[in-house]
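Reader: Could you walk me through one helix crossing in close-up, and then carry on into the rest of the fold from there? I'd like the cut-offs spelled out as you go.

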Amino acid sequence: MTVAPGVDLVIFGASGDLAQRKILPSLKRLASKDGMPLRVIGVGRAAQSKARFRDIVKNRSGSARLAATAEWVKLDYRSKATYTGLKKLLASAGSVVFYLATPPETFRIDHYLAKDTVQNVLAFRFSNSLFEPVWNRNLVETIQITVAEEEGIRKRAGYYDQTGAVRDVIQNHVLQLLALVTMEPPTTFDPEYVRRAKRAALRAMSPINPSSAVRGQYIGYLEEEAVDNDSRRETYAAARLSIENWRWDGVPIFVRTGKALKRRVTEVVIKLRDAPHLRIGGNRQRGIPSLIVIRIQPDEGITIRIGAKRPGTRFEMVPAGMKLDYRRLTKAPLPDAYENVLSEVLTGGHSAFPGAEEIELQWEIVDPLLKAWESEGHPEPYARGSWGPQAADDLVADGGGGRWIVSGDEPGTA
């Protein structure tokens with residue numbers, strides 16, 4: 001990897017959870033490369049000494065060399081006067097990369113786009129002629145996206161109670177995934193052409209109607225440390241979306257995300273329309289829905305679920321699966337998404353983060369929902385370890401999506 005000399009990586013929010021759990025550890029292999037001219041500058045509101053920050057960098061990245069040159073700058077994001085110290089530090093830098101590990105209203109780089117599985121959505125869709133003919137309203141019955149986490153908010157109430165599930169996940173990760181899954185074929189896979197295709201897909205998405213959405217709050221959230229005891233903040237959100245273009249006209253799309261759910265999983269499920277049901281001896285065989293499941297995490301890969309005959313003398317249909325496991329495509333460990341995104345940004349790449357217009361379009365899609373939820377109503381409570389509020393199941397059933405599908409809970413897709 002060729003990097004311009006004197007690169008400064010400025011991490012806004014460097015004292016926060018994201019920076020210390022993900023960003024700094026992802027620098028370990030980058031910093032170990034010979035000749036990597038990288039200096040980390042931590043920026044935040046905390047009053048922290050340079051020595052303390054260097055200890056954090058050393059412990060989190062495992063690189064003494066990176067820690068030796070690390071700097072800390074305290075500032076108030078809203079006060080221009082406090083940026084003077086940062087400006088002085090950057091005066092001699094050859095180039096500068098700013099990473100905003102900050103709330104969603106200022107967050108630009110989306111690490112989900114740097115996950116290998118997400119990038120392989122393009123390869124899967126557009127390099128396999130088997131799938132492109134069925135990837136439209138004629139044969140796709142519904143699309144579902146699930147981003148579920150087992151953990152609650154941990155000690156992130158200061159951030160999460162001001163943010164919630166829509167801003168934290170739907171506005172960025174989910175809508176970017178949906179754009180990649182539904183966009184038209186780009187002219188080339190060069191970043192600008194992919195961005196153009198995503199922008200067109202986002203423009204075709206209607207703003208979310210609050211009457212087609214469900215918000216929930218896990219039982220026990222109000223007892224979490226630093227959460228207001230009357231908080232109406234959603235820890236779960238589900239919504240029906242529609243895309244008003246030729247390819248997806250009339251196809252119901254359902255998305256959901258939440259904390260403290262049954263298990264950790266991020267995946268896209270494309271359910272194809274059922275084939276005519278078979279009859280054997282006058283008896284109608286039960287239908288086996290055909291599914292294409294793109295698993296982003298954990299166990300990255302793609303599963304195709306089909307119907308097959310059960311072995312034996314009787315003609316009986318059962319679910320069966322064909323699975324691509326990404327881990328088996330390489331002997332090396334799959335790279336961390338944060339390592340991918342930082343590596344690309346440092347070399348001047350643009351495919352691992354959305355453009356400004358994409359971000360604006362995504363906010364336009366969720367804004368009506370956010371305004372409605374901020375002004376009235378309360379989230380529906382749901383039990384820890386469940387799949388969320390009952391109303392979310394009703395949303396899918398009433399909206400033509402049948403029911404929520406999660407691989408592993410479905411026979412033949414584990």
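Author: Let's start at the crossing itself: helix α8 passes α10 in a left-handed crossing. Left-handed here means that the near helix is turned anticlockwise from the far one by less than a right angle, and right-handed means clockwise. Bear in mind that this is a predicted model, where local features need pLDDT of at least 70, side-chain atom pairs count only at pLDDT 80 or more, and totals for chains, interfaces and linings use all residues. Residues are numbered from 1 along each chain as its sequence is written, and side-chain values use heavy atoms, with hydrogens and water left out. The element names come from DSSP runs, numbered from the N terminus: helices are H or I with at least four residues, strands are E with at least two.

Back to the pair: α8 covers residues 191-204 and α10 covers residues 356-375, and their axes come within 10 Å, crossing at roughly 15°. That angle makes α8 roughly parallel to α10; the bins are under 35 degrees for roughly parallel, over 145 for roughly antiparallel, 65 to 115 for roughly perpendicular, and oblique for the rest. The axes are lines fitted to C-alpha atoms, for helices over the stretch in contact, and angles run from 0 to 180 degrees between N-to-C directions. On the α8 side, the contact (heavy atoms within 4.5 Å) uses Arg195, Lys198, Arg199, Leu202 and Arg203. Facing them from α10 are Glu357, Glu358, Leu361, Gln362 and Ile365.

α10 also packs against α7 (residues 164-182), at an angle of about 145° and with the axes 10 Å apart. Here the handedness flips to a right-handed crossing. α7 brings Val166, Arg167, Ile170, Gln171, Asn172, Leu175 and Gln176 to this contact. The α10 residues that meet them include Trp363, Val366, Leu369, Leu370 and Trp373. Glu358, Gln362 and Ile365 of α10 take part in the contact with α8 and also in the one with α7.

Next along the chain is α11 (residues 390-398), where Ala392, Leu395 and Val396 are buried. Buried is under 20% relative accessible area, exposed is over 50%, and partly exposed is in between, using a 1.4 Å probe on protein chains only. The three sit on the same side of α11, because they cover an arc of only 90° around the axis; that arc is taken from the directions from the helix axis to the C-beta atoms. Among the elements covering the buried residues of α11 are the strands β5 (140-148), β6 (213-218), β7 (236-241) and β8 (253-258). Just after α11, glycine 400 takes a positive phi of about 90°.

While we're on backbone geometry, most residues other than glycine have a negative phi, and most peptide bonds are trans. Alanine 226, in the loop between β6 and β7, has a positive phi near 75° and is exposed at 62% relative accessibility. Aspartate 299 also has a positive phi, of about 50°, and is partly exposed at 36%. The loop that holds aspartate 299 lies between β12 and β13. Proline 298 sits in that loop too, between β12 (291-297) and β13 (301-309), and the peptide bond from glutamine 297 to proline 298 is cis, with omega near -20°.

Now for a sheet: four strands form an open one in the order β3-β2-β1-β4, with parallel pairing. Strands count as paired if DSSP finds at least two bridges between them. β3 (71-74) and β4 (95-100) are the edge strands, each with a single partner, so one side of each has no neighbour in the sheet. The twist averages 20° from one strand to the next. β1 (residues 7-12) is joined to β4 by six bridges, and phenylalanine 12 has leucine 100 in β4 as its bridge partner. Helix α2 (residues 50-61) packs on the sheet, touching β2 (38-44) and β3, and its direction makes about 125° with that of β3.

Glutamate 71 is in β3 and is buried, at 16%. Beyond residues up to four places away in sequence, glutamate 71 touches Arg39, Val40, Ile41, Gly42, Lys50, Phe53, Arg54 and Leu89.
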